[in-house]
Amino acid sequence: VASGASPTTSGGKRGAPSLEFHDFQMKPLGKALRTFRRLHPYLRRHVSNWVGTDLRYLAHLRGSSRGPHGKDAPVAFQLHLRRSGRVLELRSVREYHFFVEALYLACSVLGEDAAEEAAATLIELRQQLRQDLERVFTAQEIDTVATGGYPALKEIVLYLLVRRYRPKALVETGVAQGISSTFILRALADNGEGRLISIDLPNYNPEGFRYADAKGTIDHTYVKKDLGVGWIVPKPLRERWDLRLGASSAELPKLGDAKLDFFFHDSEHSYENMGFEYRWADGHLLPGALLVSDDIHWNSAFPEFIHAHPEYRVVADHRVGVLLRSPA
Ligand SMILES: C[S@@+](CC[C@H](N)C(=O)[O-])C[C@H]1O[C@@H](n2cnc3c(N)ncnc32)[C@H](O)[C@@H]1O
């Protein structure tokens, strides 16, 4: 945790905590024991059996380093949450990391009072979606062609930002199975307000897609044709959802002069398309709105946009970019 913005002191009853860039500069937690040590105060406040769980986790890591192991290798952790009395079953090292990251970021973004509830929601949603994905894809496919990396920081960040800023009018580009859409829609449902328009040009080809970054990296995310774009979004969450199929370059202009509180880019990560979408969003975002983008490291479109638009505050720029438009 960088200086000055401890999650435990920035939230709670003293009003909204302030979001800072370093809140999102999380390195892979499993690799950094020191990070875990720093997280102890937050975890111990929320998880009553934390110390025992942590020791078991470390023993597991030590034991597994000698034998075959993977992040999804089965291992059981039970977390007893103090305030809600809820018991969470975590079934792999990845789920453990996901929970720790979610709780830490929830403390930073929402404040301590709301953090435990948010982290529990996030882990439960993750487990539910993981089960759905496993019915359709192999474990290896889940990390590659199904999502391009799961779980990712972006799902946690999307949920928490929508909870904290309570946007009413949201647009997302790039849906695939519908994982990011699900996290956004769940946050809208928990807020009790807001609508999401999602745009996707379906890709049914597992071999690759129509574009690559400067280094030739291809986005392999694809959707099985019989399931269709957004198939994973739970039915009850669809009330607030409007899914439109087509290229963002064709579909965004159809939204006319819509005024938005939230824009999320995760479609074609070409320099041209990212630049186009950011500029389109800039013309439609209200003061105080959020511009969020995944995969900002693919090319220079995001840094160039920041440079040209000092009216946006950079909240995060580590893989996921988060910009807050000046409220004035
Ligand atoms: C990385 S995936 C989206 C993942 C999704 N946001 C998630 O987190 O679950 C990118 C998606 O963008 C779609 N896509 C690619 N080019 C597009 C374009 N020009 N306009 C709209 N969607 C596009 C692809 O078919 C694919 O479904």
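Good morning. I begin with one residue, Phe263, which at 0% relative accessibility counts as buried. The model I am presenting is a predicted one, and I shall use Phe263 as the way into its sheet.

Where in the chain does Phe263 lie, and where its aromatic partner Trp280? Phe263 belongs to strand S6, residues 260–265, whereas Trp280 belongs to helix H10, residues 271–282, so their contact ties together parts that are 17 residues apart in sequence. Trp280 is buried too, with a relative accessible area of 10%.

A word on how such contacts are described. A pair of aromatic rings is characterised by the distance of the centres and the angle of the planes.

In total, the structure holds eight aromatic pairs. One of them joins Phe77 and Tyr96: the ring centres are 4.8 Å apart and the planes stand at 40°, so this pair is tilted. Phe77 sits in strand S1, residues 74–80, and Tyr96 in helix H4, residues 93–110; the pair thus links distant parts of the chain, 19 residues apart. Both partners are buried, Phe77 with a relative accessible area of 2% and Tyr96 with one of 0%. The pair of Phe263 and Trp280 is likewise described as tilted, because its planes are at 50°, with the ring centres 6.1 Å apart.

Two further aromatic features deserve mention. Tyr278, Phe302, Phe305 and Tyr312 form one aromatic cluster. Elsewhere, the ring of Phe98 has the charged end of Arg126 sitting over it, 5.7 Å from the ring centre.

Let us return to S6 and turn to the sheet. In what order do the seven strands of the open sheet run? The order is S5-S4-S3-S6-S7-S9-S8, and the pairing is mixed. At the edges are strand S5, residues 241–245, and strand S8, residues 312–318, each of which pairs on one side only. From one strand to the next, the twist averages 15°.

Strands of a sheet pair through backbone hydrogen bonds, in either a parallel or an antiparallel sense. Starting from S6, I shall go through three of these pairings.

S6 pairs with strand S7, residues 285–293, in the parallel sense, over five bridges. Phe263 appears here again, standing opposite Leu291 in S7. Between these two strands the chain passes through H10, and the resulting β-α-β crossover is right-handed.

S7 in turn is joined by four bridges to strand S9, residues 320–325, and these two strands run antiparallel. Within this pairing, Ser293 has Gly321 of S9 as its bridge partner.

S9 also pairs with S8, in the antiparallel sense and over six bridges. Here Val314 stands opposite Leu323 in S9.

My last topic is charge. Side chains of opposite charge can pair when their charged atoms come close. How many salt bridges does a search of the whole structure find? The search finds 18, and I have selected a few.

The first on my list involves strand S9. Arg325 and Asp282 meet through their side chains in a salt bridge, at 3.2 Å from N to O. Arg325 lies in S9 and Asp282 in helix H10, so this contact ties together parts that are 43 residues apart in sequence. Are Arg325 and Asp282 buried or exposed? Arg325 is buried, and Asp282 is as well.

Next come Lys154 and Asp266, whose side chains form a salt bridge of 2.8 Å, again from N to O. Lys154 is in helix H7, residues 153–165, and Asp266 in the loop between S6 and H10, so the two tie together parts 112 residues apart in sequence. Lys154 is buried, with a relative accessible area of 10%, and Asp266 also counts as buried, at 15% relative accessibility.

In the salt bridge of Glu95 with Arg91, the closest N and O atoms are 3.6 Å apart. Glu95 counts as buried, at 4% relative accessibility, while Arg91, at 41%, counts as partly exposed.

To close, allow me to return to helix H10. Its residue Trp280 pairs with Phe263 of S6, its residue Asp282 is tied to Arg325 of S9, and the helix itself lies on the path of the chain from S6 to S7. Thank you for your attention.

Notes. Residues numbered from 1 in each chain as written. Predicted model: local features only at pLDDT ≥ 70, side-chain atom pairs only at ≥ 80, totals over all residues. Heavy atoms only, no water. Phe/Tyr/Trp six-rings, centres within 6.5 Å; stacked < 30°, edge-to-face > 60°. Buried < 20%, exposed > 50% of the residue type's maximum accessible area, 1.4 Å probe, protein only. Lys NZ or Arg CZ within 6 Å of the ring centre and 35° of its normal. Pairing = 2+ DSSP bridges. Right-handed = clockwise from strand over helix to strand, strands pointing away. Salt bridge = Lys/Arg side-chain N within 4 Å of Asp/Glu carboxyl O. Axes fitted to C-alpha atoms, helices over the stretch in contact; angles between N-to-C directions.
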